[in-house]
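Subject: Structure handover and findings

Dear colleague,

Please find below the structure that I am handing over to you. My findings follow directly after it.

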Amino acid sequence: MPPLNLGNQQPKTPLNADQAWQITASRAAGTVLFFDFDGTLAPVDDDPTAVRPAPKALAAIEALAPVVQRVAIVSARPVEFLRDQLGGLAGVDLYGLYGLEHSHSGGETVTEPAALPWVPTMEELADLARVELPPGTLVEYKRLSVALHWRTAPQLGPTVQQWGQAQADRLGLRSQAGRMVLELKPPVDRDKGMVIGEAIKGATGAWYFGDDVSDIKAFAALRARAAADPDFLGVCVAVANPETGHEVANAADLTIESPAALGDFLTRALTHLP
């Protein structure tokens with residue numbers, strides 16, 4: 001296993017993944033494990049509704065949850081979708097729509113109040129996208145956001161992005177680029193970096209696993225905490241992909257080849273933890 005590049009928290013002797021897990025084991029009760037969903041726990045699919053988590057990754061998370069302080073899924077998906085996909089895993093926190101929704105340990109779904117007035121706008125936007133965008137565009141309505149996918153028609157990317165950005169400018173929305181997708185969301189200050197920055201207060205360590213450009217903000221939150229607290233161990237892990245993988249891997253300490261390989265990686269990690 002190659003050494004980890006721990007950025008501002010680089011120790012005198014570089015760590016490899018096994019050594020990082022050994023350190024994590026010594027502070028497991030204070031460690032938080034964060035996972036993106038699409039492309040990280042689950043392979044990306046042409047049909048977003050058909051995505052399913054890699055079985056071994058799901059089994060490993062179930063085994064890890066009682067060992068560490070918290071396990072959290074931080075995703076662009078709605079909380080209800082995550083809850084259905086994860087089969088009601090006990091002790092796992094869910095942050096949906098980049099943190100606009102959350103549910104702690106199976107509790108009720110709480111929505112960011114500032115986002116609620118934007119629900120009608122998002123519904124109207126989804127209807128408009130279905131009418132105006134060319135066939136081959138997949139419009140995913142998520143109540144508090146609209147995702148415009150062109151995975152099955154890559155040639156539509158420039159058209160969809162131009163249309164989406166024009167709508168964001170017209171309606172005062174924010175846009176989030178991703179893997180052959182542009183997501184339009186309310187102008188509310190919530191993103192993965194903010195979620196992680198808040199969730200690691202009081203933690204002694206954290207790992208974040210992600211595959212897309214939105215996950216780089218989560219990596220930055222771990223870096224900032226490590227820079228402010230030399231005793232904090234933060235590890236940023238990229239899951240490889242052909243679209244944004246290079247950019248995400250450059251921001252990470254370690255790269256894993258696929259969601260299936262992540263399952264193997266987490267299973268090995270269990271051998272180091274109490």
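Strand β9 (181-185) is mostly covered, with 5 of its 5 residues buried (under 20% relative accessible area with a 1.4 Å probe, protein chains only; exposed means over 50%, and partly exposed lies in between). The cover extends to both faces of β9: Val 181, Glu 183 and Lys 185 are buried on one side, and Leu 182 and Leu 184 on the other. Helices (H or I, at least four residues) and strands (E, at least two) are DSSP runs, numbered from the N terminus.

Please note that this is a predicted model, in which local features need pLDDT of at least 70 and side-chain atom pairs count only at pLDDT 80 or more, while totals for chains, interfaces and linings use all residues. Residues are numbered from 1 along each chain as its sequence is written, and side-chain values use heavy atoms, with hydrogens and water left out. The mean pLDDT (the predictor's confidence in each residue, from 0 to 100) of the chain is 92, and 95% of its residues reach 70 or more. Over residues 7-13, pLDDT stays under 50.

The sheet that holds β9

An open sheet of 4 strands has the order β6-β7-β9-β8, with antiparallel pairing (two strands pair if DSSP finds at least two bridges between them). Strands β6 and β8 (174-178) stand at the edges with a single partner strand each, so one side of each has no neighbour in the sheet. On average, neighbouring strands of this sheet are turned by 20° against each other, direction ignored.

- β6 and β7 run antiparallel and are joined by 4 bridges; Tyr 141 stands opposite Val 146 in β7.
- β7 and β9 also pair in the antiparallel sense, over 4 bridges; Val 146 has Leu 184 as its bridge partner in β9.
- β8 and β9 run antiparallel and are joined by 5 bridges; Ser 175 stands opposite Leu 184.
- The hairpin of β8 and β9 has 2 residues between the strands, and Met 180 takes a positive phi near 60° there.

Helices on this sheet

Helix α4 (residues 119-132) has 14 residues and reaches 20 Å from its first C-alpha to its last, close to the 20 Å expected at 1.5 Å a residue (1.5 Å times one less than the number of residues). Its buried residues are Val 119, Met 122, Leu 125, Ala 126 and Ala 129. These cover an arc of only 120° around the axis (taken from the directions from the helix axis to the C-beta atoms), which places them on the same side of α4. The face turned away from that buried side carries the exposed residues Glu 124 and Val 131. The buried residues of α4 pack against β6, β7, α5 and β9 (contact means heavy atoms within 4.5 Å). Helix α5 (157-171) lies across β7, β8 and β9, running at about 10° to β9 (axes are lines fitted to C-alpha atoms, for helices over the stretch in contact, and angles run from 0 to 180 degrees between N-to-C directions).

The other sheet and Asp 215

An open sheet of 8 strands has the order β5-β4-β3-β2-β1-β10-β11-β12, with mixed pairing. Helix α2 (residues 55-64) lies across β1, β2 and β3, at about 140° to β2.

Asp 215 lies in helix α7 (residues 215-228) and is buried, with a relative accessible area of 0%. Beyond its neighbours within four places in sequence, Asp 215 is in contact with Asp 36, Lys 192, Tyr 208 and Gly 210.

Yours faithfully
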